[in-house]
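This briefing covers side-chain interactions, burial and one backbone feature. The structure comes first, and the points follow by topic.

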Amino acid sequence: MSPVALVRVRSPQAAQALETFGILPRYFAHDAQLAQALGWDSATVAVWREGGVVRPQSAKVAYVKLLADLCEEAGAYLRRDTDVGAWICTSLPNLRGASPAEWLATRGPRGLRELTYAMVDWMPRVPDSDLEPGDGHDALADLVRSAKTHDGAREALKMLRETP
């Protein structure tokens, strides 16, 4: 009798989860920081990074999606992508000493809404007197430049192009 090799086929859920996970490393300076944000060990992060996930736990899939959404939202407010990872792993007084990652892990989708809505309040406000009308051509040129590296700018440019 010859041994039969078992081939594990990646589930569609795993393929989607790995695609979403692929967004995360750009926001974290090191795998250890990403592991901290996910609440996983570094070995698990390495397996996901290498695409070795075949049948992921549904809780991990859900949290990867929430964390990716939070990273993309926070990226609009922070200077560098890796600043997002640092912020996500930092204990904050306005979260009762929890980090945004811990807040998200304990509160799920509700925590994501709370964090994203609160970002507007946490960011410095620009006084109305500092706002000046700009040249529309300069603004469009800036948007085109930003669209090369930022998903939100790409989406805004796409919407502008579709407007009649």
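**Side-chain contacts, core and backbone**

R107 has a relative accessible area of 29%, so it counts as partly exposed. The model is a predicted one. R107 belongs to a network of salt bridges with shared partners, whose members are R107, R110 and E114. The notes below begin with that network and go on to the other salt bridges, the aromatic pairs, the nonpolar core and two single residues.

**Salt bridges**

- The structure holds seven salt bridges in total.
- One of them joins E114 to R107, with 2.6 Å between the closest N and O atoms.
- E114 also forms a salt bridge with R110, and here the closest N and O atoms are 3.1 Å apart.
- Both residues of the E114 and R110 pair belong to helix α6, which spans residues 100-122. They are four residues apart, about one turn of the helix.
- E114 is partly exposed, its relative accessible area being 24%.
- A further salt bridge connects D81 with R26, where the closest N and O atoms are separated by 3.2 Å.
- D81 is in helix α5 (residues 81-88) and R26 is in the loop between α1 and α2, so this salt bridge ties together parts that are 55 residues apart in sequence.
- Both partners count as partly exposed: D81 has a relative accessibility of 32%, and R26 has one of 37%.

**Aromatic pairs and a charge over a ring**

- Three aromatic pairs are found in the whole structure.
- F21 and W40 form a stacked pair, because their ring centres are 6.4 Å apart and their planes meet at 10 degrees, where stacking requires an angle under 30 degrees.
- This pair links distant parts of the chain, 19 residues apart. F21 is in helix α1 (residues 12-21), while W40 is in the loop between α2 (31-38) and α3 (42-49).
- F21 is buried, because its relative accessible area is 2%, and the limit for burial is under 20%.
- W40 is buried as well, at a relative accessible area of 12%.
- F21 also pairs with W48: the ring centres lie 5.5 Å apart and the planes are at 50 degrees, so this pair is tilted.
- Since F21 belongs to helix α1 and W48 to helix α3, the tilted pair ties together parts that are 27 residues apart in sequence.
- F21 and W48 are both buried.
- Through ring pairs, F21, W40 and W48 are linked into a cluster.
- W40 has a further partner in K60, whose charged end sits over the W40 ring at 5.2 Å from the ring centre.

**Nonpolar core**

- In soluble globular proteins, nonpolar side chains tend to be buried together.
- The largest nonpolar core in this model has 37 residues.
- The members that touch the most other members are F21, L24, F28, L38, L67 and I88. F21 thus appears both here and in the aromatic cluster.
- Each of α1, α2, α3, α4 (58-75), α5 and α6 supplies at least two residues of the core.
- Helix α4 provides the largest share, with nine residues.
- F28 touches Q33, L34, A37, L67, C71, T82, G85, I88 and C89 when residues up to four places away in sequence are not counted. Two of these contacts, L67 and I88, are also among the core members with the most contacts to other members.

**Two single residues**

- S11 is located in the segment before α1.
- The relative accessible area of S11 is 10%, so S11 is buried.
- With neighbours within four places in sequence left aside, S11 is in contact with V54, R55 and P56.
- R96 is found in the loop between α5 and α6.
- Most residues other than glycine have a negative phi. R96 is not a glycine, yet its phi is positive, at about 60 degrees.
- R96 is exposed, because its relative accessible area is 73%, and exposure calls for over 50%.

Terms used. Residues are numbered from 1 along each chain as its sequence is written. This is a predicted model: local features need pLDDT of at least 70, side-chain atom pairs count only at pLDDT 80 or more; totals for chains, interfaces and linings use all residues. Side-chain values use heavy atoms; hydrogens and water are left out. Rings of Phe, Tyr and Trp (its six-membered ring) pair if their centres lie within 6.5 Å; planes under 30 degrees apart count as stacked, over 60 as edge-to-face and the rest as tilted. Buried means under 20% relative accessible area, exposed over 50%, partly exposed in between (1.4 Å probe, protein chains only). A charge sits over a ring if NZ of Lys or CZ of Arg is within 6 Å of the ring centre and within 35 degrees of the ring normal. A salt bridge is a side-chain nitrogen of Lys or Arg within 4 Å of a carboxyl oxygen of Asp or Glu. Contact means heavy atoms within 4.5 Å. A nonpolar core is a set of buried Ala, Val, Leu, Ile, Met, Phe, Trp, Tyr and Cys residues joined through side-chain atoms within 4.5 Å.
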